[in-house]
Amino acid sequence: TDPQNNLLANAEDAMPSKQKKRRKYFLLICLVIIIITLVVSLTVYFSTRGNEDPREQVPSTDAPSGAPTGAPTGPVCPDTVDWVQVMDTCSEVGYIQDAIPECLVPFYENITGIATLPVAFSESCTPVTLARAAMALAVKNFPSTTDRTTLNLFFELATLYFSLEGPTSWTDRKGWLSPIDDVDFRAINPCSWSGVRCYGANKKLRVDLSNKNISGVLPTEMGRFSSLYDLRIIKSDLRGTIPTEICNNPHLTELIIRESSLLSGPIPSELGKCHLLKNLQLVDTNMEGAIPTELGILNDTLEKLHVQSRFINGTIPQEIIAMEKLSSLRFDGPITGTFPSVLPSALTELYLINTRIMGSIPSQIGELTMLSILELGNNVLLESTLPTELGLLSQLEEIWIFGSPITGTIPSELASLPLLNTLQLTNTDITGNLPSEFGSLSNLLVINVAGTRMRGTVPTEICSIIENGTIIRGSLVRRCE
C-alpha cells in the first residue's frame, strides 16, 4: 500500500504546478488582447480627429476687429493652390467650397469688411467666388494683414484675373496667383503684379493687360471696383460686351481696348456716367451701332475719343462736336452724314477714316488753330478740294488725305505751315504740280502724290529741300542738279 500512497501524493503535488502554468498563459493572452484593443482604439480616435470638418472649427479671434478672420490651421494646410485644378474641379462639382482645400473653407467663409465684396455670395463657381477663395489663401498666409486698401486691390484684381481666364490663357501672369512658382508669398502686394501699377496715397490702380493673350469677358462686378482708375487691353481675345455697370465705378479715367476683334455689342450709353473719363479708345473691335450722344455729358473731362469698327453707324453726334476739351477725335468706320462745319476747338488730332461722310471739307477747318495731325482716308463720298484755309493751321505737322475723290490742285497756302513734315495725298484726283513756294518748307520730310493725276517737273525752287533729304514720291519728274 505504500507505493500507492506515494503515487497519489506525488500527483497531488504536481497539480498546482500545472494550474500555475495555465494561469500564466491565460494572463499573457489577456494582456495581448488588451494591448491590441488599446492600439485599435487610439488609431480610430486620432483618425476621427484628423477627418473633422474644418468648417466646425472655431475661427481664430486673434485678428484685429473688422479684419478678415479664419481658423487656425495645421501644417497640412497648403500655402499654394493650383487654380487651374480648382477651376476644373469647380466645373465638375459646381461648388467652390468643394473645389478648394478644406482647411481654407473657414477663411473663405469669414472674409468680411471688403468694400468691393458683393452683399451676398453664391456658392457656385464664378470669378467672384474664385477671387474670394484666392483671398482666403492670402489671408491664411498673412493673418496680420489688415490694410483695407491692399485687400480691396487684391480682390478686384483677382476677380478681373479669373473673369479674363488668367489661369488658363495668359502668357504673362507673374504675380497673378499662378503659375504657383511665380507667386511671391512673402507679402500681399498686388501693386507688384505684372501689368499693375499703383499710384497716389490711395493706391489708384492702373492695369495694363496688353499682349498677354487674355480672353474671357469683362466682369459686371467692375462697377463695384473702388480702386480701378485706368484699364488698358491691347491685342486680346476679349469676348462679350462692355458691361453697362462699368461706370458705377466713379473713378474710371481711362478705358482703352484695341485690337480685340471678338469684342462686340453696342457702345454703352452708360459710359456717359463715367464723369472722370478722359481717354476712351475702342479701336479695332466688332462693336456696333451708333455713337451714343450721352458721351457729350463728358464735356468737362473727355480729351481723347477713338472709335474704330466696321459695324458702327449713324452720324457724329452734335453733343460730341460741341465738346470743349476734346483734343483727339477718331472715327474709323461707316458713319454717315456730312462733314461737320464746326468741330471741337481744342482738337490737335482729327482722324476720319473709312467713313461714308459726304460733302466737302469746310473752310471752318481753318479755325482749328491747335491742330497738328489731319487724316482723312478712304472717305469715298467726300468730294472736295483742299481748302486754302488749311494754310492757317500754324501747328499742323502731318496731312494724310488718301483714297478719296479729292480734286483741284495743292493750295500754295500750305507753304505757310512751318512745322509741316508729312504731306500724303495718295490715290486722289488732285492735279497740277507742287507749288514752288514749298521750297521754304525746311521741315518737310515726305511728299507723296503717288496715285494722283499730278504731272510735270518738280519746280527748281523745291530742289533745295530735296537736296536736304525731302523725299518726293509719285509721277513728278525731278531734275535737280
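**Entry 1. Cys191 and Cys198**

I looked up this pair first in the notebook and found a disulfide that joins Cys191 to Cys198, with S to S at 2.0 Å. I note here that the model is a predicted one. The torsion about the S-S bond of Cys191 and Cys198 is about -95°, so I enter the disulfide as left-handed. I then checked the accessibility of Cys198, which comes to 26% and counts as partly exposed.

**Entry 2. The other disulfides**

How many disulfides does a search of the whole structure find? I get five. Counting bonded cysteines along the chain, I write the pattern as 1-3, 2-4, 5-6, 7-8, 9-10.

I took up Cys77 and Cys103 next. Their sulfur atoms are 2.1 Å apart, and they form a disulfide. The link of Cys77 and Cys103 has 85° about the S-S bond and is right-handed. Cys77 sits in the loop between α1 (2-50) and α2, and Cys103 in the loop between α2 and α3 (105-110), so this pair ties together parts that are 26 residues apart in sequence. Is Cys77 buried or exposed? I have Cys77 as buried, because its relative accessibility is 7% and the cut-off for buried is under 20%.

Then I went to Cys90 and Cys125. A disulfide joins them, S to S 2.1 Å. About the S-S bond I read -80°, and the link of Cys90 and Cys125 is left-handed. Cys90 lies in helix α2 and Cys125 in the loop between α3 and α4, so the pair ties together parts that are 35 residues apart in sequence. I compared the accessibility of the two ends: Cys90 is buried at a relative accessible area of 3%, whereas Cys125 is partly exposed at 26%.

**Entry 3. Helices α2 and α4**

Cys90 belongs to helix α2, and I followed that helix to its packing against α4. Two packed helices are described by the angle between their axes and the distance between the axes. For helix α2 (residues 83-93) and helix α4 (residues 127-141) I have an angle of about 135° and axes 12 Å apart. The two helices are therefore oblique to each other. The crossing in which α2 passes α4 is right-handed.

Which residues make the contact? From α2 I list Trp83, Val86, Met87 and Cys90, and from α4 I list Leu130, Ala133, Ala134 and Leu137. Sorted by class, the contact of α2 with α4 has eight nonpolar residues, no polar ones and no charged ones. I note that Cys90 appears in this contact and also in the disulfide with Cys125.

**Entry 4. Thr407**

I looked up Thr407 and placed it in strand β14 (residues 406-407). Its relative accessible area is 34%, so I enter Thr407 as partly exposed. Leaving out residues up to four places away in sequence, I find that Thr407 touches Ser384, Thr385, Leu386, Asp429 and Ile430. I also checked Thr431: its C-alpha atom is separated from that of Thr407 by 7.0 Å, with their positions 24 residues apart along the chain.

**Entry 5. Whole chain**

I closed with totals. The protein chain has eight helices and 17 strands. Of its 481 residues, 46% count as buried. I also looked at contacts between residues at least 6 apart in sequence, and 56% of these join residues at least 24 apart.

Terms used:
Residues are numbered from 1 along each chain as its sequence is written. This is a predicted model: local features need pLDDT of at least 70, side-chain atom pairs count only at pLDDT 80 or more; totals for chains, interfaces and linings use all residues. Side-chain values use heavy atoms; hydrogens and water are left out. Axes are lines fitted to C-alpha atoms, for helices over the stretch in contact, and angles run from 0 to 180 degrees between N-to-C directions. Helices (H or I, at least four residues) and strands (E, at least two) are DSSP runs, numbered from the N terminus. Angles under 35 degrees count as roughly parallel, over 145 as roughly antiparallel, 65 to 115 as roughly perpendicular and the rest as oblique. A crossing is left-handed if the near helix is turned anticlockwise from the far one by less than a right angle, and right-handed if clockwise. Contact means heavy atoms within 4.5 Å. Ala, Val, Leu, Ile, Met, Phe, Trp, Tyr, Cys and Pro count as nonpolar, Asp, Glu, Lys and Arg as charged, and the others, Gly among them, as polar. A disulfide is a pair of cysteine sulfur atoms within 2.5 Å. Buried means under 20% relative accessible area, exposed over 50%, partly exposed in between (1.4 Å probe, protein chains only).
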